[in-house]
Amino acid sequence: MTQIAFIGLGNMGAPMAANLLKAGHQLAVFDLASEAVAKLAQAGARAASSAAEAAAGAEVVITMLPAGPHVKGVYLGAGRVLTAVASGTLLIDCSTIDAETARALHAAAAERGLDMLDAPVSGGVAGAEAATLTFIVGGEAAALERARPILEAMGKKIFHAGAAGAGQVAKMCNNMLLGILMTGTAEALNLGVANGLDPKVLSEIMKASSGNNWALQVYNPYPGVMEGTPASRGYQGGFGVDLLVKDLELALKAGLATRTSLPLGSLVRQLYVAYSKQGAGRMDFSSIIKYLDPELEKK
Ligand code: NAD
């Protein structure tokens, strides 16, 4: 049993924290949204009044926050977690943020003699709920070994991507591909339906053909094709459009910095930004299919 502070109890953080409780760990939790804290408190966690208060006395701190500025604010800002924690505390940031911020946090932690890992995840809300996430880790191998039993309570696969920030680089590449493949899958499904096909039948055919991909397997964007997906509950919950825009922009910035050609990443970012500006920022990212065909829900 480990004393864990869990900060950020949104779509991903809440089920991840719940799995740590189920595995018998003691949790102190904090989120700016008090309802999110209250829910975890009902499940047996201690409700903390701030991130620093949650972190004081913890052996491990886990953060699952939207973007780099939030993570920086929690570790280095007012009421800094970095100064609140006892020496020897292991810090694990599971948010998807830019590698530069991740490296700066590793350096600040190292100055205090603390182990830190960037450990962004893949697998979505369903993976967070089922404790089947993939962790993509950057940092020292010894720190990863300390973290392994904790990560195993929330996920199935753990990859050591490399040194500080490497987890974020790998995650950024994956999510750029995710945006591209979701948009391409949506485009193909709309084309089939517009030409008389049943989206369920077309999905089965493509799943068994060379177009097979993760969206077709577990996250079909077409409403009514697959139970339990955001598409089958009005695109609520899941992975927000604005979070994907953030990830695509991380990829484009990294592409600019290294003069890497990213034509599809750039195009997909433009589609998602235009869609977000229509008020879709908090909708699940698979709803890009509605942006491609605004009449979809009338069908
Ligand atoms: P979310 O917006 O649902 O949750 C973020 C939570 O952080 C919110 O509850 C918010 O109140 C809280 N928060 C923000 N600032 C805070 C602060 N200063 N102190 C305490 N709490 C604060 O986001 P999410 O979907 O849970 O995603 C979290 C991270 O995981 C993001 O970086 C995202 O890119 C990444 N991610 C998401 C998914 C997914 O499918 N949703 C999958 C993989 C990775």
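# A tour from the ligand outwards

Select Asp31 and the ligand. A ligand oxygen atom sits 2.6 Å from an N or O atom in the side chain of Asp31. Keep in mind throughout that this is a predicted model.

**Stop 1: the ligand shell**

Stay with the ligand and add Met12. A polar backbone atom of Met12 is 2.9 Å from an oxygen atom of the ligand. Now add Gly238. Here a ligand nitrogen atom is the partner, 3.1 Å from a polar backbone atom of Gly238. How much of the ligand does the protein bury? The protein buries 88% of the 840 Å² that the ligand exposes when taken alone. Next, colour three helices: H4 (68–76), H7 (124–130) and H12 (241–258). These are the elements that give two or more residues to the shell around the ligand. Show the whole shell and you have 24 residues on screen. The closest are Asn11, Met12, Asp31, Pro66 and Lys246.

**Stop 2: Lys246 and its neighbour**

Keep Lys246 selected and add Asp247. The two form a salt bridge, with their closest N and O atoms 3.2 Å apart. Are these two residues buried or exposed? Both Asp247 and Lys246 are buried.

Now pick Thr96. Look for Thr96 in the loop between E5 and helix H6 (99–111). Thr96 has a relative accessible area of 11%, so it counts as buried. Which residues does Thr96 touch, leaving aside those up to four places away in sequence? The contacts are Pro66, Ala67, Pro120, Gln168, Lys171, Lys246, Asp247 and Leu250. Lys246 and Asp247, the salt-bridge pair, are thus both on the contact list of Thr96.

**Stop 3: a buried acid without a salt bridge**

Go to strand E6 (residues 115–118) and select Asp118. Asp118 is buried, yet has no salt bridge. The nearest side chain of opposite charge belongs to Arg103, 7.6 Å away. A salt bridge needs the nitrogen within 4 Å of the carboxyl oxygen.

What does the side chain of Asp118 reach at 3.0 Å? It reaches the backbone nitrogen of Gly167. Add Gln168 as well: the Asp118 side chain reaches the backbone nitrogen of Gln168 at 3.1 Å. Show the contacts of Asp118, skipping residues up to four places away in sequence. Among them are Asp93, Ala102, His106 and Ile136. The list also includes the run Ala164, Gly165, Ala166, Gly167 and Gln168. Gln168 should look familiar, being one of the residues that Thr96 touches.

**Stop 4: two more salt bridges**

Side chains of opposite charge can pair when their charged atoms come close. A search of the whole structure finds 6 salt bridges. Two more are worth a click.

Select Arg146 and Asp115. Their side chains meet in a salt bridge at 3.0 Å, N to O. Arg146 lies in helix H8 (residues 141–152) and Asp115 in strand E6, so the pair ties together parts that are 31 residues apart in sequence. Arg146 is partly exposed, at 39% relative accessible area. Asp115 is partly exposed too, at 28%.

Now select Lys207 and Glu204. This salt bridge spans 3.3 Å, N to O. Both residues lie in helix H10 (residues 199–207). They are 3 residues apart, about one turn of the helix. Lys207 is partly exposed at 26% relative accessibility, and Glu204 is partly exposed at 48%.

**Stop 5: loops**

Find Ser87 in the loop between helix H5 (81–84) and strand E5 (90–93). Is Ser87 buried or exposed? Ser87 is exposed, because its relative accessible area is 63%. Not counting residues up to four places away in sequence, Ser87 touches Arg112 and Leu114. For a sense of scale, draw a line from Ser87 to Arg269. The two are 182 residues apart in sequence and 41 Å apart in space, C-alpha to C-alpha.

Move to Ala131, in the loop between H7 and strand E8 (133–138). Check its backbone: phi of Ala131 is near 55°, a positive value in a residue other than glycine.

Finish at Arg259, in the loop between H12 and helix H13 (263–280). Phi of Arg259 is near 50°, again positive in a residue other than glycine. Arg259 counts as exposed, at 83% relative accessibility.

Notes: Residues numbered from 1 in each chain as written. Predicted model: local features only at pLDDT ≥ 70, side-chain atom pairs only at ≥ 80, totals over all residues. Heavy atoms only, no water. Helix = DSSP H or I, 4+ residues; strand = E, 2+ residues; numbered from the N terminus. Buried < 20%, exposed > 50% of the residue type's maximum accessible area, 1.4 Å probe, protein only. Lys, Arg positive; Asp, Glu negative; His and termini not counted. Polar contact = N/O pair within 3.5 Å; in protein donor to acceptor, adjacent residues only side chain to side chain. Contact = heavy atoms within 4.5 Å. Near = heavy atom within 4 Å. Areas by Shrake-Rupley, 256 points an atom, 1.4 Å probe, with all protein chains shown as cover.
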